[in-house]
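Visitor: I should like to learn how to read the features of a protein model. May we go through an example together?

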Amino acid sequence: MKALRDILSRGVAILGLLTCLGGAGWTAWVVWRGIATGMVTGKHGAIHLRTEGDFFYYSTVVLNGLACLLWLGLAAFAVLVLVRWRDWT
(Lines give C-alpha, C1' and ligand atoms only; values in the text may rest on other atoms or scores of the structure.)
Protein backbone atom coordinates (compact mmCIF):
# COMPACT_ATOMS: atom_id res chain seq x y z
CA MET A 1 0.00 0.00 0.00
CA LYS A 2 2.88 2.36 0.79
CA ALA A 3 4.36 1.74 -2.67
CA LEU A 4 1.08 2.69 -4.33
CA ARG A 5 0.85 5.85 -2.22
CA ASP A 6 4.46 6.70 -3.11
CA ILE A 7 3.77 6.28 -6.83
CA LEU A 8 0.62 8.42 -6.66
CA SER A 9 2.38 11.12 -4.65
CA ARG A 10 5.28 11.26 -7.10
CA GLY A 11 2.82 11.40 -9.96
CA VAL A 12 1.12 14.41 -8.39
CA ALA A 13 4.52 16.08 -7.89
CA ILE A 14 5.47 15.43 -11.53
CA LEU A 15 2.10 16.74 -12.70
CA GLY A 16 2.68 19.87 -10.61
CA LEU A 17 6.12 20.31 -12.18
CA LEU A 18 4.69 20.00 -15.68
CA THR A 19 1.93 22.47 -14.83
CA CYS A 20 4.48 24.99 -13.55
CA LEU A 21 6.63 24.59 -16.65
CA GLY A 22 3.56 25.06 -18.85
CA GLY A 23 2.56 28.21 -16.97
CA ALA A 24 6.09 29.58 -17.22
CA GLY A 25 6.19 28.81 -20.93
CA TRP A 26 2.86 30.49 -21.62
CA THR A 27 3.68 33.67 -19.72
CA ALA A 28 7.17 33.81 -21.25
CA TRP A 29 5.54 33.51 -24.69
CA VAL A 30 3.25 36.46 -23.94
CA VAL A 31 6.22 38.57 -22.81
CA TRP A 32 8.37 37.57 -25.79
CA ARG A 33 5.54 38.21 -28.26
CA GLY A 34 4.84 41.59 -26.67
CA ILE A 35 8.46 42.68 -26.79
CA ALA A 36 9.11 41.30 -30.29
CA THR A 37 5.99 42.66 -31.97
CA GLY A 38 5.25 45.70 -29.82
CA MET A 39 1.66 44.64 -29.23
CA VAL A 40 -0.33 42.39 -26.96
CA THR A 41 -3.87 41.12 -27.29
CA GLY A 42 -6.11 41.96 -24.37
CA LYS A 43 -9.42 40.70 -23.19
CA HIS A 44 -12.04 40.23 -25.92
CA GLY A 45 -9.45 40.67 -28.66
CA ALA A 46 -8.48 44.27 -27.92
CA ILE A 47 -5.01 45.13 -29.23
CA HIS A 48 -2.68 47.23 -27.09
CA LEU A 49 0.32 48.86 -28.76
CA ARG A 50 3.68 49.90 -27.34
CA THR A 51 4.01 52.76 -29.84
CA GLU A 52 0.91 54.44 -28.43
CA GLY A 53 2.24 54.20 -24.86
CA ASP A 54 -0.77 52.10 -23.91
CA PHE A 55 -0.78 51.36 -20.17
CA PHE A 56 -2.32 47.95 -20.77
CA TYR A 57 0.59 46.98 -23.02
CA TYR A 58 3.15 47.71 -20.31
CA SER A 59 1.11 46.19 -17.50
CA THR A 60 0.51 43.00 -19.50
CA VAL A 61 4.20 42.56 -20.31
CA VAL A 62 5.41 43.37 -16.78
CA LEU A 63 2.80 41.27 -14.97
CA ASN A 64 3.37 38.31 -17.27
CA GLY A 65 7.10 38.64 -16.68
CA LEU A 66 6.53 38.51 -12.92
CA ALA A 67 4.14 35.58 -13.33
CA CYS A 68 6.78 33.74 -15.35
CA LEU A 69 9.29 34.19 -12.52
CA LEU A 70 6.71 32.92 -10.03
CA TRP A 71 5.99 29.84 -12.18
CA LEU A 72 9.72 29.14 -12.47
CA GLY A 73 10.08 29.40 -8.69
CA LEU A 74 7.25 26.91 -8.21
CA ALA A 75 8.86 24.59 -10.77
CA ALA A 76 12.16 24.80 -8.86
CA PHE A 77 10.31 23.87 -5.67
CA ALA A 78 8.70 20.89 -7.42
CA VAL A 79 12.15 19.73 -8.58
CA LEU A 80 13.42 20.09 -5.00
CA VAL A 81 10.52 17.97 -3.74
CA LEU A 82 11.24 15.27 -6.31
CA VAL A 83 14.99 15.26 -5.60
CA ARG A 84 14.57 15.12 -1.80
CA TRP A 85 11.66 12.65 -1.93
CA ARG A 86 13.45 9.79 -0.16
CA ASP A 87 14.50 12.01 2.75
CA TRP A 88 10.93 13.14 3.39
CA THR A 89 9.19 9.77 3.18
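Guide: The following dialogue takes up several features of this structure in turn. Please note at the outset that the model is predicted.

Visitor: Let us begin with the surface. Which residues form a nonpolar patch there?

Guide: The patch on the surface is formed by Ile14, Leu18, Leu21, Val62, Leu63, Leu66, Leu69 and Leu72. Together, these nonpolar residues have about 780 Å² of accessible area.

Visitor: Which helices each supply at least two residues of the nonpolar patch?

Guide: Helix H1, residues 2-37, and helix H2, residues 55-83, each do so. The largest share comes from H2, with five residues. Val62, for example, is a patch residue that lies in helix H2.

Visitor: I should next like to ask about disulfides. How many disulfides does a search of the whole structure find?

Guide: The general idea is that a disulfide is a covalent bond between the sulfur atoms of two cysteines. In this structure, the search finds zero disulfides. Cys20 is in none, and its nearest cysteine sulfur, that of Cys68, is 11 Å away.

Visitor: Why is the sulfur of Cys68 not bonded to that of Cys20?

Guide: The two sulfur atoms are too far apart for a bond, because they are separated by 11 Å, whereas a disulfide requires a pair within 2.5 Å.

Visitor: Are these two cysteines buried or exposed?

Guide: A residue counts as buried when its relative accessible area is under 20%. Cys20 has a relative accessible area of 9%, so Cys20 is buried. Cys68, at 12%, is buried as well.

Visitor: How should I read the surroundings of a single residue, such as Thr27?

Guide: One may ask where the residue lies, how accessible it is and what it touches. Thr27 is found in helix H1, and its relative accessibility is 7%, which means that Thr27 counts as buried. Setting aside neighbours within four places in sequence, Thr27 is in contact with Asn64, Ala67, Cys68 and Trp71. In addition, the side chain of Thr27 reaches the backbone oxygen of Ala24 at 3.2 Å.

Visitor: Where does Thr41 lie, and how accessible is Thr41?

Guide: Thr41 belongs to strand S1, which covers residues 39-41. The term "partly exposed" applies between 20% and 50% relative accessible area; Thr41 has 46% and is therefore partly exposed.

Visitor: How far apart are Thr41 and Phe56 in sequence and in space?

Guide: In sequence, Thr41 and Phe56 are 15 residues apart. In space, the distance from C-alpha to C-alpha is 9.6 Å.

Key: Residues are numbered from 1 along each chain as its sequence is written. This is a predicted model: local features need pLDDT of at least 70, side-chain atom pairs count only at pLDDT 80 or more; totals for chains, interfaces and linings use all residues. Side-chain values use heavy atoms; hydrogens and water are left out. Patches are made of residues with over 30% relative accessible area and no salt bridge: like charges are joined within 9 Å, nonpolar side chains (Val, Leu, Ile, Met, Phe, Trp, Tyr) within 5 Å. Accessible areas come from the Shrake-Rupley method with a 1.4 Å probe; for residues, only the protein chains shown count as cover. A salt bridge is a side-chain nitrogen of Lys or Arg within 4 Å of a carboxyl oxygen of Asp or Glu. Helices (H or I, at least four residues) and strands (E, at least two) are DSSP runs, numbered from the N terminus. Buried means under 20% relative accessible area, exposed over 50%, partly exposed in between (1.4 Å probe, protein chains only). A polar contact is a pair of N or O atoms within 3.5 Å; within protein, one must be able to donate a hydrogen and the other to accept it, and residues adjacent in sequence count only if both atoms are side-chain atoms. Contact means heavy atoms within 4.5 Å.
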